[in-house]
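Open the model in your viewer and switch to a cartoon view. Keep the sequence panel at hand for picking residues.

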Amino acid sequence: MTAIQVQDLHKSFDSLHVLRGIDFEIAQGECVILLGANGCGKSTLMRCLNGLERPDRGNAYMHGTDIATADARQLCQLRRQVGVVFQQFNLVQNLSVFQNVLYGAMGEQRFGLLATLSPLANDALRERAMYCLERVSLADKAKHKCREISGGQQQRVAIARTLMQEPSVLIADEPVASLDPSAGRNVMNLLMAIVEEQRMTVLCSLHQLELASEYGDRLIGMKAGRIELDASRDTVDHQRMASLYQGDVRVDHVPTTHHERPVTASV
Amino acid sequence: MSQVKRPAAPTTPPPTRFKSPPVFAWLLIVTFLALFLQGVVATEISVERLLRGAVNLVHFIGRAFPPDPTDINTIGWAMLETMNIAVVGVTVGVLLSIPFALLSARNTTPWPWVRVMSRLMIAAMRTVPDLIWALIFVVAVGLGPMAGVLAIIMDTIGFAARFFSERIEEVHPGPSDALTATGAGRLSVIGGAILPETLASMTATSLYSVEKSIRSAVTLGLVGAGGVGVELAAAMRLFNYDEALMIILVILVVVIGFEQLSSAIRKRVI
């Protein structure tokens, strides 16, 4: 069964044409690693997949609902199914770790914020949040403010928040790009263990080739707003991955428009 | 002696010391000078009047010393009323500032035209001076502290809502995106991610509003909006300068005390 289906997706910001016709499908339970250099449109693609950005043209089906045409209510329902892990963690710095994890349930609760504030939340919810924190081994940090803990720990809190959300699809936008190599590997291992336990469909962007060659079932490579590579992980060698980072990779690179055609034609 | 050898004169001369300002600047200077001279003539500033004023001032100080503490009870109660006006006015004003700020911040407003409207309203509340608000409310609800409270509310919204909305616009969009991505509604996102980040700055602004409003609550009494200003105006009009001085001293002590207290709190919050 298909979980995510993207057809001819286009997105521009003013005159900048970021996504230039993206097509792919991800089956339920599949774990796909998205590769590409900085500025090639990975983040925009991921933001389009949960409706944080509206695509200009094309369709993006998430469990059969088209994000491009969904109304506000459908979008909220759809977002509940899609957990997102960000590069910059995006925790509310002023609040406690525990409160941030509780926020993961904001979408499912009818009263939103009121039901997920730590003093008002019901016992079941508070226990579930604590369980999520235990899963990422940060139960002892529950009372700390987010700004007091390290980057790796913050990303683990963000993972706990996603776990709290109980999504069926996980989108991770360079989850380890701002962490040092060993913390990054720990976070990656934890993330992959959790998605396997929960049988989530995963689309995770990375830009370290060593990591990309270790995780996931399939690789999708992007270059200058287009898909250049889509194959099972075992069949892709290092050389081919590295080629994604050579030549005109960015969407905002001026000469790109001139050289675009030959580059795509060569693959 | 300098080790660097240099010729007698550089081949390119240095820039001129002065240069003539452009035409626009000349126009400004001439207009300003004309207004200034006309102003000096129109306000009838003369050495003779200044000297007479100095004599009058000495006369006032002579009659004001020593300050007369016999009515300290009345003054004390009036001062308390001034503080009541300030505290009640600021509290309500700050609470009302939050929705105004949310409506007029770019990242939280529901529609652009709402933002324009609410910014206009805030600007109107800010540009009309508090004394004029007090005059208007004295007409509307009559003499007394209620007019003062309403004037302080307007003044506080004009000031605090603007600062709040600027702070809200500075909040990093990441956490809001993260909560939106869980499927949460807009109000929940604002309350859960944006307001917590602005709390410290809002507290500091609110404390400053209290300081500011105690000062203005004193003057509001002069137009009959309650508090110690009423007593001061009466004392001055009846030439009881010694009592007036006592009132001024009480105001001074309370205002300075409040400023110290609020800066102490602010240091802890930030």
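**A tour of the sheet and two loops**

Select residues 169–173 and 201–206 of chain A: these are strands E7 and E8, which pair in the parallel sense over five bridges. This is a predicted model. Now show Leu170(A) as sticks. Its bridge partner in E8(A) is Val202(A).

Next, bring in the rest of the sheet. E7 and E8 belong to an open sheet of six strands in chain A, with the order E6-E7-E8-E3-E9-E10. The pairing in this sheet is mixed. Colour 82–85 and 226–232 of chain A to mark the edges: strands E6 and E10 each pair on one side only. Look across the sheet, where neighbouring strands are turned by 15 degrees against each other on average, direction ignored.

Now go to Glu174(A). This residue sits in the loop between E7 and helix H7 (181–198) of chain A. Check its backbone: phi is near 45 degrees, a positive value in a residue other than glycine. Most residues other than glycine have a negative phi. Is Glu174(A) buried or exposed? Glu174(A) counts as buried because its relative accessibility is 5%, and the cut-off for buried is under 20%.

Last stop: Ser137(A). Find this serine in the loop between helix H5 (123–135) and helix H6 (151–165) of chain A. Ser137(A) also has a positive phi, about 55 degrees, although it is not a glycine. Turn on the surface here. Ser137(A) has 51% relative accessibility, so it counts as exposed; the cut-off for exposed is over 50%.

Terms used: Residues numbered from 1 in each chain as written. Chains lettered and ligands numbered in written order. Predicted model: local features only at pLDDT ≥ 70, side-chain atom pairs only at ≥ 80, totals over all residues. Heavy atoms only, no water. Pairing = 2+ DSSP bridges. Helix = DSSP H or I, 4+ residues; strand = E, 2+ residues; numbered from the N terminus. Axes fitted to C-alpha atoms, helices over the stretch in contact; angles between N-to-C directions. Buried < 20%, exposed > 50% of the residue type's maximum accessible area, 1.4 Å probe, protein only.
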